[in-house]
Amino acid sequence: MALRVAVVGSGPAGFYAAGALLDAGLGIEVDMIERLPTPWGLVRLGVAPDHPKLKSVSRAFERIAEKPGFRFLGNVEVGRDLSHADLEQLYDAVVYAFGAQSDKRLGIPGEALPGSWSATEFVAWYNGHPDYQQLRFDLNVDRAVVIGNGNVALDVARMLALTPDELAPTDTTDPAIEAIGSSTVREILIVGRRGPAQASWTTQELKEMGELAGADVSVDPAELEGAVEEDTHTQRNMDVLREFASRQPTGKPVTVGFLFFRSPVAIHGDGKVESIELVRNRLEEQDGRRVAVPTDEHETIECGLVFRSVGYRGVGLSELPFDERRGTIHNEGGRVVGHQRAYCAGWIKRGPTGIIGTNKKDATETVQLLLEDVEQGLIAHREQVTPEAVEALLADRGVRAVMYAGWMSIDELERAAGEKLGRPRVKLRTWDELLEAAERVAETA
């Protein structure tokens, strides 16, 4: 019988790993295990709804799912329904590819005040993640502050600034469309601790901030002085920022502004966010890096909303070695340290860096190590490792796995609802709705 491998996580890293295993020519069977009833990870639940081209990578995942030997097991959580020890018994090898599920905190006073949110929460809410639909974002404030200089910070700022007409053709959830469309936010400030040349956003994302139907973009030319353009990418970003700085206001209802060389030191307010205190930074060379060092200069900006977008962080499994500093499973090139037949790929392997496509090379490298171990006889198929053994254990524990046909039922319902409105899909947002839609397959089969 063929080698059977579990891939834990159904985002880009998981699908690329599954694809590489299924294409290895060894007849490998892959079970993709996912805690949600839906696959695709951040492609479904993290990519901004007004970026449909980025979401189109899901077509490649659909092709992988059609390959012989692939099986999807949604609504199955490793660490709750199955342990690592279970997976060792049920599979010949395991590839962990479950990403970075939490966010980094600022660690400042007032961070827990109502109106202070992580970008992770906001993004998951407007994208329809079932764990975040109970959240209530009060967008009826004058000014919002977004902390961070990466693409997610730009996504948050841009989504807050979109008009109802811009939101209408997207798969943003209905409650988010309503809340953002009726928002009273008139100014959005994007705050970075270092300078414009050190920002980590992509040029295309930055350009889009100047193309919003309902928002002017504002950059103080003084903020750009002295920036060192170390490469072509930085130069392109600086060109865009200089063009923004040359613009005059056109009277659009919202203004998106950029502040650099500032870090938050406190969020103030009586029972809710009312202002944020920033410290001015200067750049210093430390170990070959340009590091933000605080000065004595402080400023306080009135605002009703703060979003922190300072990075994602991986969450470990109790049975596996975890690097707390990096937020990754402790591994050597993708092999989990101290665990034969266990591997990792994607953000849980290398940290939350790179774009969607970065995961393809990363996952392929991990799979190559796994295949080398097969060649050397370190991994071999065991008779007791069967699809039926997995099904029996899940049934014994009362776990109702969502198979790929169940996901296709969810997908079909969402797309049909979207088609009536000229949208890609209208997402089912709650666990009950998703599981009910998935189970329609069993009823009609």
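Visitor: Where does Arg 341 sit?

Guide: Arg 341 is in the loop that joins strand E19 (335-336) to strand E20 (342-344). Keep in mind that what you see is a predicted model.

Visitor: What makes the phi of Arg 341 worth a look?

Guide: Its phi is near 75°, and that is a positive value in a residue other than glycine. Most residues other than glycine have a negative phi.

Visitor: And what is the phi of Phe 261?

Guide: Phe 261 has a phi near 60°, again positive and again in a residue other than glycine. You'll find Phe 261 in the loop between strand E10 (254-259) and strand E11 (262-268).

Visitor: How do you know whether Phe 261 is buried or exposed?

Guide: Its relative accessible area is 18%. Buried means under 20%, so Phe 261 counts as buried.

Visitor: Let's go to the helices. What makes H1 and H4 parallel, perpendicular or oblique to each other?

Guide: Start with the angle: helix H1 (residues 12-22) and helix H4 (residues 58-65) pack at about 40°, with their axes 10 Å apart. Roughly parallel would need an angle under 35 degrees, and roughly perpendicular runs from 65 to 115. An angle of about 40° fits neither, so H1 is oblique to H4. As for handedness, this crossing is left-handed.

Visitor: Which residues make that contact?

Guide: From H1 come Pro 12, Phe 15, Tyr 16, Ala 18, Gly 19 and Leu 22, and from H4 come Phe 61, Ile 64 and Ala 65. Sorted by class, the contact of H1 with H4 has 8 nonpolar residues, 1 polar and no charged ones.

Visitor: What about H1 and H13: how are they placed?

Guide: H1 and helix H13 (residues 358-375) pack at an angle of about 45°, and their axes are 8 Å apart. That angle lies over the 35 degree limit for roughly parallel and below the 65 to 115 range for roughly perpendicular, so H1 is oblique to H13. H1 passes H13 in a right-handed crossing.

Visitor: Which residues of H1 and H13 touch?

Guide: H1 offers Pro 12, Ala 13, Tyr 16, Ala 17, Ala 20 and Leu 21, while H13 offers Asn 359, Lys 360, Ala 363, Val 367 and Leu 370. By class, the contact of H1 with H13 comes to 9 nonpolar, 1 polar and 1 charged.

Visitor: What makes you call H6 mostly covered?

Guide: Helix H6 (residues 119-127) has 8 of its 9 residues buried. Among them are Phe 122, Val 123, Trp 125 and Tyr 126. Just after H6, Gly 128 takes a positive phi of about 90°.

Visitor: Thr 120 is in H6 too. How do you know whether Thr 120 is buried or exposed?

Guide: Its relative accessible area is 14%. The cut-off for buried is under 20%, so Thr 120 is buried. Setting aside neighbours within four places in sequence, Thr 120 is in contact with Asp 103, Tyr 132 and Tyr 312.

Visitor: What value decides whether Val 146 is buried?

Guide: Val 146, in strand E7 (residues 143-147), has 0% relative accessibility, so Val 146 counts as buried. Leaving aside neighbours within four places in sequence, the contacts of Val 146 include Ala 153, Val 156, Ile 190 and Phe 307. Val 146 is also 28 residues from Ser 118 in sequence, and 9.5 Å from Ser 118 in space, C-alpha to C-alpha.

Visitor: And Gly 214, buried or exposed?

Guide: Gly 214 has a relative accessible area of 7%. That falls under the 20% cut-off, so Gly 214 is buried. Gly 214 is in the loop between helix H10 (203-208) and strand E9 (215-219). Not counting residues up to four places away in sequence, Gly 214 touches Thr 163, Glu 166, Lys 252, Pro 253 and Val 254.

Visitor: One last helix. How does the reach of H15 compare with what is expected?

Guide: Helix H15 (residues 404-419) has 16 residues and spans 22 Å from its first C-alpha to its last, close to the 22 Å expected at 1.5 Å a residue. The buried residues of H15 include Trp 407, Ile 410 and Glu 414.

Key: Residues are numbered from 1 along each chain as its sequence is written. This is a predicted model: local features need pLDDT of at least 70, side-chain atom pairs count only at pLDDT 80 or more; totals for chains, interfaces and linings use all residues. Side-chain values use heavy atoms; hydrogens and water are left out. Axes are lines fitted to C-alpha atoms, for helices over the stretch in contact, and angles run from 0 to 180 degrees between N-to-C directions. Helices (H or I, at least four residues) and strands (E, at least two) are DSSP runs, numbered from the N terminus. Angles under 35 degrees count as roughly parallel, over 145 as roughly antiparallel, 65 to 115 as roughly perpendicular and the rest as oblique. A crossing is left-handed if the near helix is turned anticlockwise from the far one by less than a right angle, and right-handed if clockwise. Contact means heavy atoms within 4.5 Å. Ala, Val, Leu, Ile, Met, Phe, Trp, Tyr, Cys and Pro count as nonpolar, Asp, Glu, Lys and Arg as charged, and the others, Gly among them, as polar. Buried means under 20% relative accessible area, exposed over 50%, partly exposed in between (1.4 Å probe, protein chains only). The expected span of a helix is 1.5 Å times one less than its number of residues.
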